[in-house]
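Work through the exercises below with the structure in view, trying each task before reading its solution.

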Protein chains: 2
Amino acid sequence: MPNDLQALELEKFLPYRLSVLAQLVSESLHDLYAQPFGLSVTQWRVMAALGRFAPLTASDVGQRIVMDKVAVSRAVAGLMKRGLVERATDRSDRRRASLKLSARGRAMHARIVPLARTYEERLYGALSADERRSFDALSDRLFAHARTLREAT
Amino acid sequence: MPNDLQALELEKFLPYRLSVLAQLVSESLHDLYAQPFGLSVTQWRVMAALGRFAPLTASDVGQRIVMDKVAVSRAVAGLMKRGLVERATDRSDRRRASLKLSARGRAMHARIVPLARTYEERLYGALSADERRSFDALSDRLFAHARTLREAT
DNA sequence: CTTAATTAGTTTCATATGTAACTATCATGC
DNA sequence: GCATGATAGTTACATATGAAACTAATTAAG
């Protein structure tokens, strides 16, 4: 019964492999900023988005980092409580509120970015420059295709 | 302030991109078996492991599919309740119990495997045969390297 | 205007997940 | 034998996450 034609070789199955790889990498990176800065993965991503794209509304953040608005709302709440993010209600549309890092938030951001960059560089150390470009291009195409497949069905 | 040298281009940042890609793929696949068969991702992975490697203990399953024993225990509990998995206590070591798919479990497994295979094929449709091999090899090396980095630190 | 339909964001509830404590069984040292 | 420690697996607790309901504000239709 096992190992027959019907069985799935999970360890060679692309969706499974992507999941395991992404999880390992995400956890490794999280190890670098979790304890020293007390940030969750979602909180860090929100900070990264705000650090890069100045004032954003919560919806903007969600679009940028592919996170639903509930997750953004919760991450922002936590960051505001710690004074890492500032919120200013839009005068012309009071439903909206633009978000940006506070001075403290920017300081923390500035300390984490190099850690993240260094980890990425180490990870890419597995590949040559050519291979790295190749992997990036191929994974981009996989992503675009996966999105197309999902929308189609 | 935004978009300066200090900022991280999240959309080009490898850990982030891997995470988003894996999540999209995992959700797309989950769409295929969630409603018709009522399985969670972890439950399906346990079934796939059992479908391929005959009798396994819960620990074996966990090692095969990189899942901690608590998650395995819960997935198995759910699958047993639905009669999809059978458990037999080991006579020589009564702490252990070997697990295998029941007849019903095998039938369900046999219906899901083609769905999974088809999805994988469609996803790979984004790449040529060469590119596919290339991507597989590169992602394997990234994974191995990520594991080394994690253990080293 | 005033009602209906949208939109931004939050809260609630139900479920999922991880860590640590716990139970039961087995192996080892004396 | 019988304490000590290890191992397989489960349970409990605390936190994380997603879907849907909800609030507040804006826009559109009549």
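**Exercise 1. Describe the sheet of chain B: find the order of its strands, its edges and the helix that lies across it.**

Solution. In this predicted model, begin with the order of the strands, which is E1-E3-E2 in an open sheet of 3 strands in chain B, with antiparallel pairing. Next, look for the strands that pair on one side only, and these edge strands turn out to be strand E1 (56-57) and strand E2 (85-89) of chain B. Then follow E2(B) along its partner, strand E3 (residues 97-101) of chain B, with which E2(B) forms 5 bridges in the antiparallel sense; Thr89(B), for instance, stands opposite Ala97(B) in E3(B). Finally, add helix H2 (residues 41-52) of chain B, which lies across E1, E2 and E3 of that chain and runs at about 95 degrees to E3(B).

**Exercise 2. Work out how chain A is related to chain B, and what each chain gives to the contact.**

Solution. Start with the superposition: chain A falls on chain B, with an RMSD of 0.0 Å, after a rotation of 180 degrees with 0.0 Å of shift along the axis. This is the relation of a two-fold axis. Turning to the contact, count 54 residues from chain A and 54 residues from chain B. On the side of chain A that touches chain B, helix H1 (14-37), helix H2 (41-52), helix H5 (103-124) and helix H6 (129-152) of chain A each supply at least two residues, and by class that side has 34 nonpolar, 10 polar and 10 charged residues. As a last step, note that 100% of the interface residues of chain A are also interface residues in chain B, so the copies meet through the same surface.

**Exercise 3. Identify the residues and elements that surround DNA strand D.**

Solution. First list the surroundings: DNA strand D has 18 residues around it, and the closest are Arg94(A), Ala58(B), Ser59(B), Ser73(B) and Arg95(B). Then sort by element, where two or more residues come from each of helix H4 (69-81) of chain A, helix H3 (58-65) of chain B and helix H4 (69-81) of chain B; H4(B) gives the most, with 4 residues. Sorted by class, the residues of this surface are 6 nonpolar, 5 polar and 7 charged.

**Exercise 4. Examine the backbone and the surroundings of Val66(A).**

Solution. Locate Val66(A) in the loop between helix H3 (58-65) and H4 of chain A. Then read its phi, which is positive at about 50 degrees although Val66(A) is not a glycine. Lastly, count 14 other C-beta atoms within 10 Å, which makes Val66(A) partly exposed.

Conventions:
Residues are numbered from 1 along each chain as its sequence is written. Chains are lettered from A and ligands numbered from 1 in the order in which they are written. This is a predicted model: local features need pLDDT of at least 70, side-chain atom pairs count only at pLDDT 80 or more; totals for chains, interfaces and linings use all residues. Two strands pair if DSSP finds at least two bridges between them. Two residues are in contact if their C-beta atoms, placed from the backbone, lie within 7 Å. Axes are lines fitted to C-alpha atoms, for helices over the stretch in contact, and angles run from 0 to 180 degrees between N-to-C directions. Copies are superposed by least squares on the C-alpha atoms of residues with pLDDT of at least 70 in both. A residue is near a molecule or strand if its C-beta atom, placed from the backbone, lies within 6 Å of it. Ala, Val, Leu, Ile, Met, Phe, Trp, Tyr, Cys and Pro count as nonpolar, Asp, Glu, Lys and Arg as charged, and the others, Gly among them, as polar. A residue is buried if 20 or more other C-beta atoms lie within 10 Å of its own, exposed if 12 or fewer, and partly exposed in between; C-beta atoms are placed from the backbone.
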